[in-house]
Amino acid sequence: MSRPDSPRLAATARASIAATAARLMAEDGITDFHLAKRKAARQLGLPAHTAFPDNAEVEQELRAYRSLYQDEEHAELLHGLRETALELMELLADYRPYLTGSVLDGTAGPHSNIDLLLFADSAKDVEIFLLNHGIDYEHVEPRNDRAEAVLVVETEDADANLVIFPPQLERTSFKTRDGRPRERARAEAVAALLEPVAER
């Protein structure tokens with residue numbers, strides 16, 4: 001009989017947490033991976049010291065869940081979010097925008113935000129640009145200490161986080177919270193994602 005802390009049971013627990021966390025994110029609109037994993041472990045009655053899966057494992061389960069249970073609905077939602085992201089990127093072209101986060105990687109849900117990285121000489125330049133175009137925004141605390149500012153813009157589909165960095169950081173490889181390289185895409189790549197499969 002396997003001990004509770006055996007590698008086989010630990011792997012089973014990780015897989016169960018990943019699947020349950022993905023379901024919580026898909027159904028309850030949770031966007032924080034750690035919160036979803038904590039809730040999943042509680043729901044499964046696992047002990048506090050249980051090792052959590054990494055975000056990549058949860059993302060994989062989330063894609064599988066959406067594909068199985070929310071395929072058409074999710075595809076439509078994702079397409080709309082990417083269209084809105086592209087419109088913002090074209091508007092903000094002077095600040096070399098990149099799309100990143102769940103809208104790019106395909107795990108976005110109804111409560112997800114659009115995450116754009118901008119590279120500007122000053123966050124004030126972006127603020128003035130938005131004001132000149134009659135676009136309201138709010139400041140929120142940056143999660144990355146190298147970001148100069150984060151401005152949140154409300155759109156019809158979702159809030160958009162405009163994360164502003166100095167221009168010299170454009171070639172820097174940013175990482176996700178769990179240490180993986182953060183994927184990002186320029187407007188041309190986002191436009192390609194919006195093309196019908198037959199045209200690609």
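How many of the residues of strand 2 are buried? Strand 2 is mostly covered, with 5 of its 6 residues buried, and in this predicted model the strand belongs to an open sheet of 6 strands whose order is 3-4-5-2-1-6 and whose pairing is mixed. The points below go through the sheet, the helices that pack on it, the nonpolar cores, the aromatic cluster around Y98, and two individual residues.

**The sheet and its pairings**

- Strand 3 (138–140) and strand 6 (184–185) stand at the edges of the sheet, and because each has a single partner strand, one side of each is left without a neighbour in the sheet.
- Strand 2 and strand 5 pair in the parallel sense over 6 bridges, and within this pairing A160 of strand 5 is the bridge partner of I114.
- Strand 4 and strand 5 pair in the antiparallel sense, also over 6 bridges, and the two strands form a hairpin that has 4 residues between them.
- Across the pairing of strand 4 with strand 5, V153 stands opposite A160, while V152 stands opposite N161.
- Strand 1 and strand 2 pair in the antiparallel sense over 3 bridges, and Y98 stands opposite L117 of strand 2.
- Of the 7 residues of strand 5, 6 are buried, so this strand is largely enclosed by the rest of the structure.

**Helices packed on the sheet**

- Helix 4 packs on the sheet, where it touches strand 1, strand 2, strand 5 and strand 6, and its direction makes about 20° with that of strand 2.
- Helix 6 also packs on the sheet, touching strand 2, strand 3, strand 4 and strand 5, and the direction of helix 6 makes about 15° with that of strand 4.

**Nonpolar cores**

- In soluble globular proteins, nonpolar side chains tend to be buried together.
- The largest nonpolar core here has 33 residues, and those with the most contacts inside it are L99, I114, V126, L130 and L162.
- Two or more residues of this core are given by each of helix 4 (71–91), helix 5 (102–105), strand 2, helix 6 (123–132), strand 4 (149–154), strand 5 (159–165) and helix 7 (187–193), and the largest share, 6 residues, comes from helix 4.
- Another core, of 15 residues, lies apart from the largest one and has I17, A22, M25 and A26 among them.
- When its neighbours within four places in sequence are left aside, V126 is in contact with Y95, L118, A120, L151 and I164.

**The aromatic cluster and the arginines over Y98**

- A search of the whole structure finds 4 aromatic pairs, and one of them is formed by Y98 and F119, which meet edge-to-face at 5.8 Å centre to centre with 85° between the planes.
- This pair links distant parts of the chain, since Y98 lies in strand 1 (residues 98–100) and F119 lies in strand 2 (residues 114–119), 21 residues apart.
- Both Y98 and F119 are buried, and together with F165 and F174 they form one aromatic cluster.
- The ring of Y98 also has two arginines over it: the charged end of R184 sits 4.6 Å from the ring centre, and R186 lies over the face at 4.9 Å from that centre.

**Two individual residues**

- R96 lies in the loop between helix 4 and strand 1, and with 38% relative accessibility it counts as partly exposed, because this value falls between the limits of 20% for buried and 50% for exposed.
- The phi of R96 is near 45°, a positive value in a residue other than glycine.
- Most residues other than glycine have a negative phi.
- Y69 is found in helix 3 (residues 55–69), and because its relative accessibility of 56% is over 50%, Y69 counts as exposed.
- Y69 and R171 are 102 residues apart in sequence, and their C-alpha atoms are 38 Å apart in space.

Technical notes: Residues are numbered from 1 along each chain as its sequence is written. This is a predicted model: local features need pLDDT of at least 70, side-chain atom pairs count only at pLDDT 80 or more; totals for chains, interfaces and linings use all residues. Side-chain values use heavy atoms; hydrogens and water are left out. Rings of Phe, Tyr and Trp (its six-membered ring) pair if their centres lie within 6.5 Å; planes under 30 degrees apart count as stacked, over 60 as edge-to-face and the rest as tilted. Buried means under 20% relative accessible area, exposed over 50%, partly exposed in between (1.4 Å probe, protein chains only). A charge sits over a ring if NZ of Lys or CZ of Arg is within 6 Å of the ring centre and within 35 degrees of the ring normal. A nonpolar core is a set of buried Ala, Val, Leu, Ile, Met, Phe, Trp, Tyr and Cys residues joined through side-chain atoms within 4.5 Å. Contact means heavy atoms within 4.5 Å. Two strands pair if DSSP finds at least two bridges between them. Axes are lines fitted to C-alpha atoms, for helices over the stretch in contact, and angles run from 0 to 180 degrees between N-to-C directions.
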